[in-house]
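Please find below a colleague's note on the structure under review. It is set out as numbered points for reading beside the coordinates.

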Amino acid sequence: MTKFGLCCISLQLQELDDPIKFQTMTFKRFSSLPRSEALSTLGDRILNNMYATNEIIKHCADNDYCYRISSDLFPLITYDEANVDLDDLPNIDDIQEAFDEIEQTISSTNVRISCHPSEFNVLASTNQKAVDKTITELNFYSSFMDRIGCPADYRSPMNLHVHNKTGDYDSIISRFVNSFNLLDPNCRSRLVIENDDKINCWSVRELTSIFHSRTGIPITFDYLHHACHPDGLSEEEAINACYETWGDYRPLFHYSESRPGNNPRAHSDYAVNPINTYGLDFDLDFELKMKDHAISRYVENMVGA
């Protein structure tokens, strides 16, 4: 049976009398403060984010959801100019205890955890500085997933796009593989690749027939992206092609629909259409704007009908 996944934030928990929300901190704000005050403020915000993450995982457990952790949990930690490590934070002991609490929650609930680092992470970039930053970011988040007890395999996937289409297939894949091999082993063993929604980027056909055959990396199927860039494959053909790349692991795919308007790539608030899994068994992150409201409405209107 398909499990639905909540992505990053819970709107339902934000609506509580004591709302559960993430906090961020810009480098401009950080650098405007005395160093000790900046580190203290940053530490407090990261500790808040750990508390929020733990509460959202509990919320997912209560509703039988998967959970995609936010890629904004640790503001400035991987930002070179800030020059901050977690160990620099004055409340690092409290943060470590929060990691332990998250690990215990995951262990006791078996909520499936995944991660989708931001679009600025591009392993196949021709810009070495961008590649270096990507490697730092991916390794950091993979180490965090280790720290909270997530398996270092595709049960807890880290999802990424190839993005880059500069050059021919051989040169792009070669750049990707060279950068991929510089990642920590626990990161390489989690990384999966998603089809893109833009015509000049990677379709399911290209990823399954060219990229996967060269790398062995599983391909994440995104319903909306495929609708925008089908490249001659039906939805059923594309889903089956992606499904096969996951081998013995249960795939985690992505679902959204187009928001009404001129941009078909914009995500809608809610799912209106029935989701066809074509008889396959996989988990499905809901990338809809209304988050857990969208999941609960879909379950009520579609699954429960």
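The points below take up charged pairs, a surface patch, and several individual residues in turn.

1. Status of the model and overall count. The structure is a predicted model, and every statement here should be read with that in mind. It holds 14 salt bridges. As general background, side chains of opposite charge can pair when their charged atoms come close. Points 2 to 4 describe some of the pairs.

2. A pair within one helix. Lys58 and Glu55 form a salt bridge, with 3.3 Å between the closest N and O atoms. Both residues belong to helix α3, which spans residues 35-63. They are three residues apart, or about one turn of the helix. Is Lys58 buried, partly exposed or exposed? Lys58 counts as partly exposed because its relative accessibility is 35%.

3. A buried pair between two strands. Asp285 and Arg68 are joined by a salt bridge whose closest N and O atoms are 3.2 Å apart. This pair links distant parts of the chain: Asp285 is in strand β8 (residues 283-286) and Arg68 in strand β2 (residues 66-69), with their positions 217 residues apart in the numbering. Both Asp285 and Arg68 are buried.

4. A pair between two loops, and its network. Arg250 and Asp281 meet through their side chains in a salt bridge, at 3.0 Å from N to O. Here too the pair links distant parts of the chain, 31 residues apart. Arg250 lies in the loop between α10 (235-244) and β7 (252-255), whereas Asp281 lies in the loop between β7 and β8. Arg250 has a relative accessible area of 29% and is therefore partly exposed; Asp281, at 31% relative accessibility, is also classed as partly exposed. Which residues make up the network that contains this pair? Arg112, Arg250, Asp281 and Asp283 are joined into one network by salt bridges that share partners.

5. A negative surface patch. Asp93, Asp94, Glu97 and Glu101 form a negative patch on the surface. One of these residues, Glu101, is located in helix α4 (residues 92-109). Glu101 has a relative accessible area of 48%, so it is classed as partly exposed; exposed would require over 50%.

6. A buried serine. Ser268 sits in the loop between β7 and β8. Its relative accessible area is 6%, and Ser268 is therefore buried. A polar atom of the Ser268 side chain lies 3.0 Å from the backbone oxygen of Tyr270.

7. A buried leucine. Leu191 is in strand β5 (residues 191-194). With a relative accessible area of 1%, Leu191 is buried. How far apart are Leu191 and Cys115 in space, C-alpha to C-alpha? Leu191 and Cys115 are 9.5 Å apart by that distance, and 76 residues apart in sequence.

8. Positive phi values outside glycine. Cys8 has a positive phi of about 75° although it is not a glycine. Cys8 lies in the loop between β1 (4-7) and α1 (11-14). Asn110, likewise not a glycine, has a positive phi of about 60°. The loop between α4 and β3 (113-115) contains Asn110. The relative accessible area of Asn110 is 64%, so Asn110 counts as exposed. A reader checking the backbone may wish to view these two residues in the displayed model.

Conventions
Residues are numbered from 1 along each chain as its sequence is written. This is a predicted model: local features need pLDDT of at least 70, side-chain atom pairs count only at pLDDT 80 or more; totals for chains, interfaces and linings use all residues. Side-chain values use heavy atoms; hydrogens and water are left out. A salt bridge is a side-chain nitrogen of Lys or Arg within 4 Å of a carboxyl oxygen of Asp or Glu. Helices (H or I, at least four residues) and strands (E, at least two) are DSSP runs, numbered from the N terminus. Buried means under 20% relative accessible area, exposed over 50%, partly exposed in between (1.4 Å probe, protein chains only). Patches are made of residues with over 30% relative accessible area and no salt bridge: like charges are joined within 9 Å, nonpolar side chains (Val, Leu, Ile, Met, Phe, Trp, Tyr) within 5 Å. Accessible areas come from the Shrake-Rupley method with a 1.4 Å probe; for residues, only the protein chains shown count as cover. Lys and Arg count as positive and Asp and Glu as negative; His and the chain ends are not counted. The place of a charge is taken as NZ of Lys, CZ of Arg, CG of Asp or CD of Glu. A polar contact is a pair of N or O atoms within 3.5 Å; within protein, one must be able to donate a hydrogen and the other to accept it, and residues adjacent in sequence count only if both atoms are side-chain atoms.
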